[in-house]
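Subject: Structure for your review

Dear colleague,

Please find the structure below, together with its sequence. An account of what was found in it follows.

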Amino acid sequence: MPCRLAVGYRASKRMKRAWPLPRMKPCQKRASPTDIVSLRRGRIRGVNLHEPASRVTVDRLLSEVSVGDYDALLVPGGFINPDLLRQSAEAREFVRQFDAADKPIATLCHGPWLLASAGLTAGRRMTSWPGVRDDMVNAGATWVDETVVRDGNWLTSRGPQDMVPFVGALLPFFAGQAPTAEPSASVAGSSPQRDAPPQLMLNAMKWLPRPSLRTVAVVGALTALYVARNHQNGVRRPRP
C-alpha cells in the first residue's frame, strides 16, 4: 500500500532548489501521494545558492494537517528553510508528534536543526551538514561523518554531495525495510570536527553569479532610504 508523504517547507516563499524534486520523485513513481506542507499558502520559489529558481505549489498548511494524515515526513535541507522552520512552534510540535508516533522522518543538510530545536536529538545517532555538527552534539546527539545514517525511525544525510545514496535509501526506509548494514561499531562517540569546509562548497562559491540588476536596485534603494532618514533626523534634532 502506498505511503502518504509530507514534505515540510518554511513559512516564506523560498526553498532550496536542490532538495525537493529528486527526493519526491521516487515516492511519486511508486504512486505514493506526496504533499508539500508549509506555514503559508501559495507557491514556493526555489533557490540555487542565492539565485531564484522554479516554484512548487503548497498543497496544505501545517495548521490543516495532523500526524495521522501521513506515513512519513521529509524535512528539507538548505539553509534558510530549516532556520525558519525551527523557529515555528507549530513545526516543532508537528515533528515531536511524528517522532512520538515512531513514524519515519528523513532529513539532510541543515534540516536536522528542526529536530534539535524540537528537543528530539538527545541520544540519537545521526549526521547533518558538517557545519552544524556542533549544534547536533550540543543538543545531545552522536554525530557521525557518514553519507547516510539510519537510527530507528530517522534517516539523515550530510548534504547535496550525498544526494544519490540518500535518495537510494529513502524508499526502503519509508517502506519499513530493515537496514542492509549495521551501524559502524568503530564509532563510539561523535566524529571530530572537520579541519576545513567541504571542498564541494568552496568550489561552488567560485561560480556564484554576480548580483542581478534587481538586487543592485533594491540595495541601492534601501541605502538611499537609510541616508535620507538619517539626514532627516539630523535636521529635526534640536540645537543645544
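I begin with the surface. Phe-79, Ile-80 and Leu-84 together make a nonpolar surface patch of about 270 Å². Ile-80 belongs to helix α2, which spans residues 80-85. The relative accessible area of Ile-80 is 47%, so this residue ranks as partly exposed. Please bear in mind throughout that the model is predicted.

As to the overall architecture, the chain contains 8 helices and 12 strands. It comprises 240 residues, of which 39% count as buried. The chain exposes about 13,100 Å², and carbon and sulfur atoms account for 55% of that area. Of the contacts between residues at least 6 apart in sequence, 66% join residues at least 24 apart.

Turning to the interior, which residues of the largest nonpolar core touch the most other members? They are Phe-94 and Ala-106, in a core of 38 residues. At least two residues of this core come from each of β7 (72-75), α3 (89-100), β8 (105-108), α4, β12 and α6. Helix α6 provides the largest share, with 6 residues. Leaving aside residues up to four places away in sequence, Phe-94 touches Leu-62, Val-65, Ser-66, Val-67, Tyr-70 and Leu-73.

The charged pairs deserve separate mention. In general, side chains of opposite charge can pair when their charged atoms come close. The structure holds 11 salt bridges. One of them is formed by the side chains of Asp-151 and Arg-124, with an N to O distance of 2.9 Å. Asp-151 lies in strand β11 (residues 148-151) and Arg-124 in the loop between α4 (112-117) and β9 (125-126), so this salt bridge ties together parts that are 27 residues apart in sequence. Are the two partners buried or exposed, or do they fall in between? Asp-151 is partly exposed, at a relative accessible area of 22%. Arg-124 has a relative accessibility of 13% and therefore counts as buried, the cut-off for buried being under 20%.

A further group of salt bridges involves Asp-145. The side chains of Arg-158 and Asp-145 meet in a salt bridge at 2.8 Å, N to O. This pair links distant parts of the chain, 13 residues apart: Arg-158 is in the loop between β12 (154-157) and α6 (163-174), while Asp-145 is in the loop between β10 (142-143) and β11. Arg-158 counts as buried, with 11% relative accessibility, whereas Asp-145 is partly exposed, with a relative accessible area of 28%.

Asp-145 also forms a salt bridge with Arg-194, in which the closest N and O atoms are 3.0 Å apart. Arg-194 is found in the loop between α6 and α7 (199-206) and Asp-145 in the loop between β10 and β11, so the pair joins parts that lie 49 residues apart in sequence. Arg-194 counts as partly exposed, at 33% relative accessibility. Through shared partners, salt bridges join Asp-145, Arg-158, Asp-162 and Arg-194 into one network.

When you open the model, I would suggest viewing three regions in turn: the patch made by Phe-79, Ile-80 and Leu-84, the core that includes Phe-94 and Ala-106, and the network that includes Asp-145.

With kind regards

Definitions and conventions. Residues numbered from 1 in each chain as written. Predicted model: local features only at pLDDT ≥ 70, side-chain atom pairs only at ≥ 80, totals over all residues. Heavy atoms only, no water. Helix = DSSP H or I, 4+ residues; strand = E, 2+ residues; numbered from the N terminus. Buried < 20%, exposed > 50% of the residue type's maximum accessible area, 1.4 Å probe, protein only. Contact = heavy atoms within 4.5 Å. Areas by Shrake-Rupley, 256 points an atom, 1.4 Å probe, with all protein chains shown as cover. Patch = residues over 30% accessible without salt bridge, like charges linked within 9 Å, V, L, I, M, F, W, Y side chains within 5 Å. Salt bridge = Lys/Arg side-chain N within 4 Å of Asp/Glu carboxyl O. Core = buried A, V, L, I, M, F, W, Y, C linked by side-chain atoms within 4.5 Å.
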